[in-house]
Amino acid sequence: MRTEVCIIGGGPSGLLIGQLLHRAGIATTIIERQSREHVLGRIRAGVLENGTCNMLEEAGVGDRLAREGFEHEGAFIAAAGRKFRIDFKHYTKKNVTVYGQTELTADLYCARDSAGLNTIHNVEGVILHEVTSDTTYVTFVKDGYEQRIECDFIIGCDGFHGVSRPTIPTGVRKEFEQVYPFGWLGILSETPPVSEELIYANHERGFALCSMRNEKLSRYYVQTSLNDKVEHWSDKRFWEELKRRLPEEPADILVTGPSIEKSIAPLRSFICEPMQWGKLFLVGDAAHIVPPTGAKGLNLAVSDVHYLSKALISFYKGEEKYMINNYSAKALERVWKASRFSWWMTTTLHHFPDYGDFGQRMQEAEIAYLEGSRAAQAVLAENYVGLPY
Ligand code: APR
Ligand code: PHB
């Protein structure tokens with residue numbers, strides 16, 4: 001089989017870049033390890049930057065998002081029993097849109113189907129070959145048979161545990177990582193959200209987040225220790241713990257109900273440099289992971305897609321190779337800035353077991369400063385709505 005661009009991984013990164021390249025007349029094949037149902041069953045964050053929404057529109061998948069997404073012009077920060085609002089619109093003239101990543105992935109699969117594009121699911125044993133030569137190809141096993149795709153370029157969109165990043169030799173690749181000493185326990189419940197806008201809460205018992213998918217579906221998180229297990233958390237225990245970490249007003253009006261999903265995720269910051277090696281480009285979680293506190297994971301994947309799609313489209317138009325050779329530097333510049341913001345949100349809002357009372361008071365002082373300083377609020381707002389591409 002031959003294609004122009006072979007995309008490894010059919011998550012949001014792979015699907016979106018596939019769509020944009022297709023619209024520019026470039027042939028793509030996506031190979032995905034899991035079934036489509038599995039990919040669509042994953043529950044991830046749901047806050048989209050303005051730039052992300054624009055990219056989705058550019059890819060022709062913005063209609064349902066425009067109809068069903070919820071525009072949020074601000075968010076609340078809570079600490080020491082109080083909460084205050086950061087007005088994104090006021091500081092940046094921009095908003096964010098609440099729209100589940102699961103919905104977005106479904107929209108992208110629909111668009112790929114309508115365009116009749118090739119997506120091969122349930123592949124095993126993916127190997128990248130001749131990545132630094134002109135005879136690049138990918139092999140994999142499907143239904144017991146080995147198959148081979150020859151291509152001009154490979155895009156590694158296969159997430160943190162994929163095969164693309166480890167293909168870059170260790171002498172070339174440098175990885176930067178911080179693993180945080182806690183996780184997030186998240187639940188989805190068919191209850192009305194406690195607040196029209198998100199609440200990020202610092203508390204000495206640990207961080208809490210009130211988020212949502214729509215008027216009838218809420219998403220809540222509490223910080224847990226790393227060795228905690230979902231089985232230790234009955235719904236009753238979860239709701240009690242969440243209420244204890246929120247200021248009185250949201251805690252009193254919180255509507256509780258049975259959870260329809262409950263899971264624990266660890267938190268890490270991770271960046272791989274470079275994001276290109278020969279004919280291979282890394283995009284999204286394959287190259288970097290942010291802790292979810294700033295809601296940047298998907299948005300960063302989309303900014304990678306922005307830089308790489310523009311570069312490949314310019315290459316196929318016969319323009320110079322400068323843009324593709326500059327992809328890694330360009331993407332990493334924004335990745336580091338968004339990682340800094342996610343790290344700052346995480347360190348400011350979570351309880352760090354080793355920081356003690358001094359650390360807790362420092363965090364409260366930082367949040368009190370944020371409450372009283374327009375400059376500090378503008379910094380948060382500018383980063384939260386997304387730095388420009
Ligand atoms: N071969 C083929 N596919 C693979 C392989 C492999 N060896 N390894 C992993 N995959 C697939 C996974 O099954 C998954 O569907 O690659 C896909 C990667 O998708 P994601 O992990 O969702 O990563 P990405 O598409 O970069 O999405 C960006 O933003 O909100 C964050 O982490 C969140 O997924 C989100 C990300
Ligand atoms: C979510 O709704 O799942 C969500 C929202 C904001 C975050 C992280 C997760 O920062």
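A residue counts as exposed when its relative accessible area is over 50% and as buried when that area is under 20%, with partly exposed covering what falls in between. The structure described here is a predicted model. By the cut-off above, Asp134 is exposed, because its relative accessible area is 71%. Its salt-bridge partner is Lys279, with N and O 2.9 Å apart. Lys279, at 18% relative accessibility, is buried, so this bridge pairs an exposed residue with a buried one. The two residues also come from distant parts of the chain, 145 residues apart: Asp134 sits in the loop between β9 and β10 (137–142), and Lys279 in the loop between β18 and β19 (280–282).

Further salt bridges are worth a look, for the structure holds 23 of them. Arg82 and Glu371 form one, and their closest N and O atoms are 2.8 Å apart. Here too distant parts of the chain are linked: Arg82 belongs to strand β6 and Glu371 to helix α12 (residues 356–372), with their positions 289 residues apart. Both ends are partly exposed, Arg82 at 38% relative accessibility and Glu371 at 31%.

A local example is found in helix α8 (residues 235–245), where Lys236 and Glu240 are four residues apart, about one turn of the helix. Their side chains meet in a salt bridge with an N to O distance of 3.2 Å. Lys236 is exposed, with a relative accessible area of 59%, while Glu240 is partly exposed at 43%. Elsewhere, Arg64, Glu68, Glu103 and Asp107 are joined into one network by salt bridges that share partners.

Attention now turns to ligand 2. This ligand is surrounded by 14 residues, and the closest are Tyr200, Ser211, Arg213, Tyr221 and Pro292. Two of these reach an oxygen atom of the ligand through polar side-chain atoms: Ser211 at 2.6 Å and Arg213 at 2.8 Å. The backbone takes part as well, with a polar atom of Ala295 lying 3.4 Å from an oxygen atom of ligand 2. On its own, ligand 2 has 280 Å² of accessible area, and the protein covers 100% of it.

Two elements give two or more residues to the shell around ligand 2, namely β15 (208–214) and β16 (217–224). Strand β15 supplies the largest share, three residues. Sorted by class, the shell contains nine nonpolar, three polar and two charged residues. Ligand 2 lies between two domains, because domain 1 (5–72 + 95–177 + 268–345) and domain 2 (181–267 + 350–385) both give residues to its shell.

Some backbone features round off the picture. Most residues other than glycine have a negative phi, and most peptide bonds are trans. Against that background, the peptide bond from Glu273 to Pro274 is cis, with omega near -10°. Pro274 is placed in the loop between β17 (259–273) and β18 (276–277).

Positive phi values occur at Ala80, near 50°, and at Asn122, about 55°; neither Ala80 nor Asn122 is a glycine. Ala80 is located in the loop between β5 (74–79) and β6 (82–87), and Asn122 in the loop between β8 (118–120) and β9 (124–129). Ala80 is partly exposed, with a relative accessible area of 48%, and Asn122 is likewise partly exposed, at 40%.

Key
Residues numbered from 1 in each chain as written. Chains lettered and ligands numbered in written order. Predicted model: local features only at pLDDT ≥ 70, side-chain atom pairs only at ≥ 80, totals over all residues. Heavy atoms only, no water. Near = heavy atom within 4 Å. Polar contact = N/O pair within 3.5 Å; in protein donor to acceptor, adjacent residues only side chain to side chain. Areas by Shrake-Rupley, 256 points an atom, 1.4 Å probe, with all protein chains shown as cover. Nonpolar A, V, L, I, M, F, W, Y, C, P; charged D, E, K, R; others polar. Domains from an automatic or database assignment. Buried < 20%, exposed > 50% of the residue type's maximum accessible area, 1.4 Å probe, protein only. Salt bridge = Lys/Arg side-chain N within 4 Å of Asp/Glu carboxyl O.
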